[in-house]
Amino acid sequence: NAEYGVPERLEALTEAIRTWDFPAFAEIVMRDSCEMHACCLDSYPPIAYLNEASHRIMSLVHRFNTPNVRAGYTFDAGPNAFLFTLNENVNELEGAVKGELQRVDVIRCSVGDGPLVKLHD
């Protein structure tokens, strides 16, 4: 939205990460993803990256988040959803996704150790 620009969004996202506020983090990322895809549709000619399965995933996540935000989504420049949740919700979210879309590959990943630089003599 117009009064909530990129600097404010980055500040809010940074604060959510710093304070481990998963619901705030998820909402910011989902809103940002939706706004990017809305801009694509508003272009001329319009660009539609999301498909029916993408919209079903979005709806599923919003149902999953009732009454509490426990998952979030974003999309690449295509219809592929990237879902995130906390460890305690992974199995339930995966089951919900597989129940909604029978032909789906769920690839689990988690935070790693970060980059490693090896110096050779």
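Ser54 counts as buried, because its relative accessibility is 1% and the cut-off for buried is under 20%. The residue belongs to helix H3. This is a predicted model, and every value below is computed from it. The chain has 121 residues, of which 25% count as buried.

**Surroundings of Ser54**

- Apart from neighbours within four places in sequence, Ser54 is in contact with Phe75 and Pro79.
- Ser54 and Tyr73 are 19 residues apart along the chain, and their C-alpha atoms are separated by 10.0 Å.
- Helix H3, where Ser54 is placed, covers residues 52–64 and is among the elements that give two or more residues to the largest nonpolar core.

**Overall layout**

- The chain contains four helices and two strands.
- In sequence order these elements follow the pattern α-α-α-β-β-α.
- The C-alpha trace spans about 55 × 35 × 35 Å along its principal axes.
- Among contacts with a separation of 6 or more, 48% come from residues 24 or more positions apart.
- The accessible surface of the chain is about 9,100 Å², and carbon and sulfur atoms account for 57% of this surface.

**The strand pair**

- Strands E1 and E2 pair in the antiparallel sense, with five bridges between them.
- The connection from E1 to E2 is a hairpin of five residues.
- Ala71 stands opposite Thr85 in E2, and Gly72 stands opposite Phe84 in E2.
- E1 is mostly covered, with four of its five residues buried.

**The largest nonpolar core**

- This core has 19 residues, and Val61, Tyr73 and Leu93 are those with the most contacts inside it.
- Two or more residues come from each of helix H2 (22–42), helix H3 (52–64), strand E1 (71–75) and helix H4 (90–100).
- Which residues does Leu93 touch, not counting those up to four places away in sequence? They are Leu60, Phe64, Ala71, Leu83 and Thr85.
- Two of these partners, Ala71 and Thr85, stand opposite each other in the strand pair.

**Aromatic and charged contacts**

- The count of aromatic pairs comes to four.
- One of them is the pair of Phe22 and Phe84, which is edge-to-face, with 6.2 Å from centre to centre and 75 degrees between the planes.
- Why does this pair tie together parts that are apart in sequence? Phe22 lies in helix H2 and Phe84 lies in strand E2 (residues 81–85), so the pair links parts that are 62 residues apart in sequence.
- Phe22 and Phe84 are both buried.
- Phe25 joins Phe22 and Phe84 in one aromatic cluster.
- The ring of Phe64 has the charged end of Arg70 over it, 3.8 Å from the ring centre.
- Phe64 is also one of the residues that Leu93 touches.

Terms used. Residues are numbered from 1 along each chain as its sequence is written. This is a predicted model: local features need pLDDT of at least 70, side-chain atom pairs count only at pLDDT 80 or more; totals for chains, interfaces and linings use all residues. Side-chain values use heavy atoms; hydrogens and water are left out. A nonpolar core is a set of buried Ala, Val, Leu, Ile, Met, Phe, Trp, Tyr and Cys residues joined through side-chain atoms within 4.5 Å. Buried means under 20% relative accessible area, exposed over 50%, partly exposed in between (1.4 Å probe, protein chains only). Contact means heavy atoms within 4.5 Å. Rings of Phe, Tyr and Trp (its six-membered ring) pair if their centres lie within 6.5 Å; planes under 30 degrees apart count as stacked, over 60 as edge-to-face and the rest as tilted. A charge sits over a ring if NZ of Lys or CZ of Arg is within 6 Å of the ring centre and within 35 degrees of the ring normal. Accessible areas come from the Shrake-Rupley method with a 1.4 Å probe; for residues, only the protein chains shown count as cover. Two strands pair if DSSP finds at least two bridges between them.
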